[in-house]
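Here are my notes after going through the model you sent. They are in numbered points, so you can check each one against the coordinates as you read.

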Amino acid sequence: MSKFTVLNHPLIQHKLTIIRDENTGTRVFREVANEIAELMVYEITRDLPLEDKEIQTPMGKTVQKVLAGKKLAVIPILRAGLGMVDGVLEMIPAAKVGHIGMYRDEKTLQPHEYFVKLPSDIDQRDLFIVDPMLATGGSANMAISALKKRGAKNMRLIVLVAAPEGVKAVQKENPDVDIYAAALDENINENGYIYPGLGDAGDRLFGTK
Ligand code: URA
């Protein structure tokens with residue numbers, strides 16, 4: 001079974017409370033959601049491989065560490081996933097960005113794929129799939145299959161708020177995909193929203209309703 005990790009660094013918890021608050025407006029929501037994504041990626045990339053590099057400091061020659069050049073990509077699930085991309089790119093500016101468009105049928109709550117545009121070497125990249133809310137797991141599972149169908153092999157799912165139902169669904173269907181969340185909430189309510197959650201992440205990010 002894949003790993004599920006809650007990254008509950010104090011800064012992440014503090015910032016998550018800011019965006020949960022219904023009084024937080026669009027501008028701050030957008031800024032802080034990206035900051036959380038940035039902090040999460042900082043934690044998640046602890047295992048990035050390093051290699052030796054000989055350099056010259058003003059004092060003399062030395063061998064030091066640099067990133068070994070692992071190819072990475074961030075894949076936002078549209079549209080709310082866009083709200084985490086800039087944060088991820090702050091940490092790993094060389095990452096490519098692929099997009100997967102999903103919308104949720106408001107009646108059936110079922111996800112539908114409408115757009116997929118990925119880097120051509122997707123099979124050689126480690127992917128960070130980003131989506132603020134992991135509710136039923138339907139969109140995440142559909143995005144993961146869309147990626148696997150196109151050759152992707154290594155991927156992790158990064159969400160701000162997860163519901164236990166969504167974690168279970170992704171772990172069941174995709175036991176090879178580790179999941180990282182800033183918080184694990186109580187459940188999904190009768191309207192398909194995570195409780196206590198933060199509401200509709202897309203609407204809060206983009207000021208729509
Ligand atoms: N999508 C959202 O934006 N919010 C939720 O609570 C669940 C799914």
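**Ligand first, then the rest**

1. Start at the ligand: one of its oxygen atoms sits 2.8 Å from a backbone N or O atom of A201. This is a predicted model, so read that distance and the others below as computed values. Two further backbone approaches come out at 2.8 Å: a polar backbone atom of I194 to an oxygen atom of the ligand, and a backbone N or O atom of G199 to a nitrogen atom of the ligand. As for how much of the ligand is covered, the protein takes up 89% of the 240 Å² of accessible area that the ligand has on its own.

2. Which residues surround the ligand? The list runs R104, M133, A135, G192, Y193, I194, G199, D200 and A201. Two elements tie in here. M133 belongs to β9 (133-134), and I194 belongs to β13 (194-195). A201 is part of α6 (201-206).

3. Please look at the two cis peptide bonds. Most peptide bonds are trans. The bond from Y195 to P196 is cis, with omega near -5°, and P196 falls in the loop between β13 and α6. The bond from L78 to R79 is cis as well, with omega near 0°. R79 is placed in the loop that links β4 (72-78) with α3 (82-91). I would view both spots with the backbone shown.

4. Next, helix α5 (residues 164-173). Which of its residues are buried? They are G166, V167, V170 and Q171. These four share one side of α5, because the arc they cover around the axis is only 125°. Turn to the face pointing away from that buried side and you find K168, K172 and E173, which are exposed.

5. What does the buried side of α5 pack against? The partners are β1 (4-6), β9 (133-134), α4 (138-149), β10 (154-162) and β11 (178-184). So that you can follow the next point, keep β1, β10 and β11 from this set on screen.

6. β11 is mostly covered, with 5 of its 7 residues buried. This strand has a parallel partner in β10, through 6 bridges, and another parallel partner in β1, through 3 bridges. To check the register, use L157, which stands opposite I179 in β11, and T5, which stands opposite Y180 in β11.

7. V6, also in β1, is a useful probe of the same area. Is V6 buried or exposed? Neither label fits: its relative accessible area is 32%, so V6 counts as partly exposed. Apart from neighbours within four places in sequence, V6 is in contact with A181, A182, A183 and L184. Its C-alpha atom is also 9.1 Å from that of A162, a residue 156 positions away along the chain.

8. The antiparallel example is the β2 and β3 pair. Strands β2 (residues 50-57) and β3 (residues 60-67) are joined by 8 bridges in the antiparallel sense. They make a hairpin, with 2 residues between the strands. For a register check here, E51 has V66 as its bridge partner in β3.

9. On to β7 (residues 111-117), where V116 is found. V116 has a relative accessibility of 22% and therefore counts as partly exposed; the cut-off for buried is under 20%. Leaving out neighbours within four places in sequence, V116 is in contact with H99, I100 and R150. The C-alpha atoms of V116 and D178 are 22 Å apart, with their positions 62 residues apart along the chain.

10. Last, D121, which lies in the loop between β7 and β8 (126-130). Where does D121 stand on burial? D121 has a relative accessible area of 14%, so it is buried. Two polar contacts involve its side chain: one goes to the side chain of K71 at 3.2 Å, and the other reaches the side chain of R125 at 2.8 Å.

Note on methods
Residues are numbered from 1 along each chain as its sequence is written. This is a predicted model: local features need pLDDT of at least 70, side-chain atom pairs count only at pLDDT 80 or more; totals for chains, interfaces and linings use all residues. Side-chain values use heavy atoms; hydrogens and water are left out. Buried means under 20% relative accessible area, exposed over 50%, partly exposed in between (1.4 Å probe, protein chains only). Contact means heavy atoms within 4.5 Å. Two strands pair if DSSP finds at least two bridges between them. The arc is that of the directions from the helix axis to the C-beta atoms. A residue is near a molecule or strand if one of its heavy atoms lies within 4 Å of it. A polar contact is a pair of N or O atoms within 3.5 Å; within protein, one must be able to donate a hydrogen and the other to accept it, and residues adjacent in sequence count only if both atoms are side-chain atoms. Accessible areas come from the Shrake-Rupley method with a 1.4 Å probe; for residues, only the protein chains shown count as cover.
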